Structures are given as C-alpha cells and as structure tokens.
Amino acid sequence: EKKYDELCEFCKKHKTRICYVVYGVLITAYFAVLIAACSLNFQRALPLFVFTVLAIFFICWDFLIAKYEDRIAAFFSPGDQYLKKQWFWLKWVLCAALIIMIICWLIFDTAKRGSRPLISFCGLVMYVLLMLIFSKYPTRVAWRPVFSGIGMQFILGLLILRTKVGFDVFNLLGIQIQTFLEYSDAGAKFVFGDKYTEHFFAFKVLPIVIFFSTVMSMLYHVGFMQWLIGKVGWIMHVFMRTTPVESLVAAGNIFVGQTESPLLVQPYLPYITKSELHAVMTAGFATIAGSVLGAYISFGVSSSHLLTASVMSAPASLAVSKLFWPETEKPLITLRSGIQLAKSESKNLLQAASEGASTSIGLVANIAVNVISFLALLSFLDSALSWVGNLFDYPQLTFENICAYVFMPFSFMMGVDWEDSFIVGGLLGYKTFFNEFLAYERLSKLIQNRKKGGSMYINGVKQFMTVRSEVIATYALCGFANFGSLGLVIGGLTSIAPSKKKEIADSAFRAMIAGTVACFMTACVAGMLTVPGMEVPCHILLGNASNFTDFPPNSTELVECCQHLFTSANHSEVIFPGGTYSLNSWNMCCQILGQPAFHCT
C-alpha cells in the first residue's frame, strides 16, 4: 500500500513529463507506420501523407500564433499602417482594376462559351440591386462585406469549378463522403432486414441522418468541429470585416444546422445587434446541415456540387444580410480573441456518440412527418387546382405549374436554359413553400431520367434537363430557406435568447428572403463558372436534335458528337448507318460538318 501511494505521488508530481513521454512514443510510432506505408506504396499511402502534412502545418500555426501573436502583429504593423494611410486612393485603384478584370474575363469567357455565363452574371447583378432596393437602410450599406462576400464566393467557385486541382479535390472529397455514408447500410440492414432498400426513404435515407449526427457529435466532443469552425470564421472575419459572432455562426452553418450553430455563441446572443441577429438567421437559411447533406447525396444528387454549394453560400449569406439589413448600431462584441466557442458536455467519446444518435431522433421524426404531411398536402392541392383548371378547360393546372411561372424568371437569370427554366421554377416553388427534401427528390428523378436516356419530350412534357441546368438547380436548392424552417428558427432562437424574442420575430421573414437570394446568387456564380461535360450519350443527343428543335444546329455538343461519329466511321469498314445511330442522325451530321461524299452519299 505504501509503495502504491509512493507511485501515485510520483505520477502526480511528474504528470507533465510522463504525458510528454507517452505522446512522444505514440507520435514516433505513428511516423514509423507512415514511413513504412509510404515505402511500401506511396500512391496508396498518399491520403495519409497529405493528412499528416496538413495536421503538422496547422499544429505549428496554432502554436506560433498562441506564443508569438504579439511579435507577428508588431512585425506586420508598419505595412498595416502604410496601407491605412494610402487606402483612400488605393481602394479606387483596386476597384478599377477589379472592374477591368471582370469585363475582360466576361468578354473572353462569353466568346469561348457563349452567352449563358453572361446571363448568370446579369442575374447576380440583378439580385444585388433587388436587395439594395428593398434594403432596410439603403443609404447605410457598408459595401466592404458585400463585395468581399461575393468575391470570396467567386474565388471559391473559381478554385473548385475551374481549376483541375480544386475540382479533383472536391470530387474526391465527395466520393469519400459518399463511401463513408454507405457504412450506415450495415446498421439499417441489421435493424430492417436484407430488403430494407425497398423502403428507400425510411430505411435508406433516414439512417444516414442518424449516422452523420453521431459522427458530428463525436467530432464536436473531441474539439475538431470547434477548431474547424473557428478557422473558417476567422477567415471570413478578416476578409469581410464582419463581427466575430456573425462569422462564427456562418462558418458553423456549413457543418451543422440552423438551430445548432447559434449554440456555438449562445452566451453572446443577448448582446448582438439587430443586424447581427439578422445575419445569424440568414446564414441558417442560406445553408444546409451536414446531417441532411448525406440524405441528399443518397438521392443521387452530385456530392461534390452539394459540398461546394455549402461552402460558397456561407460568405454569400453574410454579404446579402449586410446588404438587406445594414449595421446601424455599434456592435458590443468585436474582439475575436474574446469569443469562446461552447464545448461538448459529454464525459467521453462513447457518451458523445450515444447522445448524437439520440439527438437525431427528433430530426429524423421531423423530416419523416414533414415529408408525409407535405406530400399529402401537395396531392390535395394538385387535385383541387386540377378541378379548378378543368372548369376553364385547363386540367393540367397544378401547384408546380403555378410555382414554375412565378419562379421562371429567377431561374432563367441564374443561367438555366430557357427550356429548363420552367422545371427549375417548379423545383424552387417546392423548396420555398414546402422543403428542400421534396425539391431534391424531384431533381433526383430528373437526373435519373437523363442518365437512362430516351426521348427528351413525351407528349410535349420535358423529361430531363441539361447537366448545366441540373448543376445550377443543385446550388439554388441548397438551403433551408422555406416557410417550414421559418417557425423552426423563431422557436429555436427564442428558446436560447429569450431577451431577443421581439427582434427575432420581426426580422425572421426578411432573413428567409435574404437566405433564398443568397442561394440564388451562389447558383449564379455556379452558372458563370461551371463547365459540364457531355450531357447525354451522342446517339440520344443526335436523335433528339435531328429536327433542330431541342438544340441549335451549330451547338458545340452536336459538332463534337458528329466529329466522333465520322471519326469512328473512318476506322470501320461498315459505312452504312446502323446500330445506335439512325439515318436522320447521319444526314444531320453531313449538313453540319459538310463531310465528303464518301460518308454522305
């Protein structure tokens, strides 16, 4: 007993050194494993190597900032002072250079890709002007957060959608997340049996929400989510000059839901201004939670585009919020270092996992009952509207048709093809008046129809859209801005900040509109930057376009398909049309390319 007490006393006395030794041994063992894995097959060990390099970089960064922050600030202080002195004329030079760059880029990009990106740019300008016209205080707008937010949105889109490295990284990330989410199938199969996929939504989609909620709770417990949100929030705070509370909540909404992210800064909510409160709610409406992101991916919607939309909409939400409700008060919480993010209350990792799964019960039940009730209500509305339309010899009247006509101009200005703007308008109506689940479910059917091929029109009704329209619709729908979420936000925020009850109720509807416009602006940026590949197989494209009703005869897609057709014919002894290509397709390609008689007689 005496020896045991002496040992305990020794451990307490040298606790720090013992921890260093244990950490040293573990780190040495980790690097030994890493070196061995890289030696055996570096290509296979590349993800582990990249992860290690990033971890080392951020650990060193945090260490240097924590220990030498004052010295670093003093080192850059002369440059900061010089910029402040010269900022009056420098900002005009930068604005002029930026405008010239945008004009040149639009000219060259329009010449290369046609007028569709230009329409998306005009749509972006239109939404900014609409927000300014209907702003709470149009003359008090601070343009730094607005232009910085749109600029960050554009730069993120440029890096992800136009550079090979960025696209490959996000595409790989999307594939890995999709693979990771499929592990929820093991639990669903055990609970619901081998035929669980027959009830796709209940037994395939909803278990993903439970699994993702569990993982997020575990990451929150170990402090990773707080660290990641803090880093993203710091970037937005520095570049956009938004307050720490706004920046952190907007960053949090990339990963968690609109009622969970304000909990990160709950102690500071009673002291925020009306504009900050509006920004907090707008960020929630403009983004989606990580837990439901997995559900939308399971529908068949592009995982890389959903991830990109979630990231791009965060700065856009702050830009639109500061335009729609400018700051007119002096914020009380301004020091970034004074913000302390809330910590997990779980005692250990297992408790965190269990609490994450239990917390998801309410979310899963809420999703299920809303989908059931809204689909039933939609069916009733369609039946009633069809009856009314039948009185005027128009039985095709439905809720989707009405929404399509209302939102059609907005979808067209995002850059959606005119033929598809009616369909996307209907999707936007579903999302706004019901929820994004119904809209993404409908979008997934359109995507599946395109992948299956077949006729583009059946009885005058378009069966699928172009890939470009699908991409823009994915970005436009990626947000919680709907009337169902309106009550959820008012109730959730009121419960954690009761002193702000009146301000929450007054600004919630404006925040929902701002969140909707933020999603539309993200879709505009996607429309300017996205470069989709071949949209449908060539034989289907040529078959649909044989009468030039769906595509113009000089479209890039048709030219590429015709070139491919004649190239394949050059390497074949069989010249007579056959297989998947019809005689009309050959005749059309002869007219487009003007091929010699060898192919076209």
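**Arg241 and Asp393**

I began with Arg241, which is exposed, with a relative accessible area of 55%. The cut-off for exposed is over 50%, so Arg241 passes it. I noted that the model is a predicted one. I then looked up where Arg241 sits: in the loop between α9 (224–240) and α10 (244–252). Its backbone has a positive phi of about 60°, although Arg241 is not a glycine.

I looked up Asp393 next. Asp393 also has a positive phi, of about 60°, and is not a glycine. I found Asp393 in the loop between α14 (349–391) and α15 (399–413). With a relative accessibility of 71%, Asp393 counts as exposed.

**Whole chain**

I took the overall counts. The secondary structure comes to 24 helices and two strands. Of the 601 residues, 43% count as buried. I also checked how far along the sequence the contacts reach. Among contacts between residues at least 6 apart in sequence, 75% join residues at least 24 apart.

**Two phenylalanines of α8**

I looked at Phe203 and Phe211, and placed Phe203 in helix α8. Phe211 is in helix α8 too, which covers residues 200–222.

Is Phe203 buried or exposed? I had to write neither: Phe203 is partly exposed, with a relative accessible area of 23%. Buried would need a value under 20%, so Phe203 misses that class. Leaving out residues up to four places away in sequence, I listed Ala188, Phe192 and Tyr196 as the residues Phe203 touches. I also took a distance to Val191, which is 12 residues from Phe203 along the chain; the two C-alpha atoms are separated by 9.1 Å.

For Phe211 I recorded a relative accessible area of 22%, which makes this residue partly exposed. With the same sequence neighbours left out, up to four places away, Phe211 touches Phe180, Leu181, Tyr183 and Ser184. I then took the distance from Phe211 to Ser291. These two are 80 residues apart in sequence, and their C-alpha atoms are 8.1 Å apart in space.

**α6 against α13**

I turned to helix pairs, starting with helix α6 (residues 164–181) and helix α13 (residues 303–324). They pack at an angle of about 110°, with their axes 8 Å apart. The range for roughly perpendicular is 65 to 115 degrees, so α6 is roughly perpendicular to α13. On the α6 side I listed Phe170, Asn171, Leu173, Gly174, Ile175, Ile177 and Gln178; on the α13 side, Ser303, Ser304, Leu307, Thr308 and Val311. I sorted the residues of this contact by class and got six nonpolar, six polar and no charged.

**α20 and its partners**

I took helix α19 (residues 483–496) with helix α20 (residues 501–529). Their packing angle is about 155°, and their axes are 10 Å apart. Angles over 145 count as roughly antiparallel, so α19 and α20 fall in that class. I logged the crossing of α19 past α20 as right-handed. From α19 the contact uses Phe483, Leu486, Ile490, Leu493 and Thr494, and from α20 it uses Lys501, Ile504, Ala508, Phe509 and Met512. By class I have eight nonpolar, one polar and one charged.

I then took helix α11 (residues 274–286) with α20. This pair packs at about 45°, with axes 7 Å apart. I therefore entered α11 and α20 as oblique to each other. Their crossing is right-handed. On α11 the contact residues are Lys274, Leu277, His278, Met281, Thr282, Phe285 and Ala286. On α20 they are Glu503, Ile504, Ser507, Ala508, Arg510, Ala511, Met512, Ala514, Gly515, Ala518 and Cys519. The class count here is 11 nonpolar, four polar and three charged residues.

**Core**

Last, I looked up the largest nonpolar core, which has 121 residues. Which of its members touch the most other members? I have Met281, Tyr296, Met414, Phe437 and Tyr440. Of the elements, α20 gives the most to this core, with 15 residues. Met281, one of the α11 residues in the contact with α20, is thus entered twice in these notes.

I followed up Tyr440. Not counting residues up to four places away in sequence, Tyr440 touches Tyr296, Phe299, Val301, Leu306, Thr474, Leu477 and Cys478. Tyr296, one of the residues touched by Tyr440, is itself among the core members that touch the most others.

Terms used: Residues numbered from 1 in each chain as written. Predicted model: local features only at pLDDT ≥ 70, side-chain atom pairs only at ≥ 80, totals over all residues. Heavy atoms only, no water. Helix = DSSP H or I, 4+ residues; strand = E, 2+ residues; numbered from the N terminus. Buried < 20%, exposed > 50% of the residue type's maximum accessible area, 1.4 Å probe, protein only. Contact = heavy atoms within 4.5 Å. Axes fitted to C-alpha atoms, helices over the stretch in contact; angles between N-to-C directions. Parallel < 35°, antiparallel > 145°, perpendicular 65-115°, else oblique. Left-handed = near helix turned anticlockwise from the far one by under 90°. Nonpolar A, V, L, I, M, F, W, Y, C, P; charged D, E, K, R; others polar. Core = buried A, V, L, I, M, F, W, Y, C linked by side-chain atoms within 4.5 Å.
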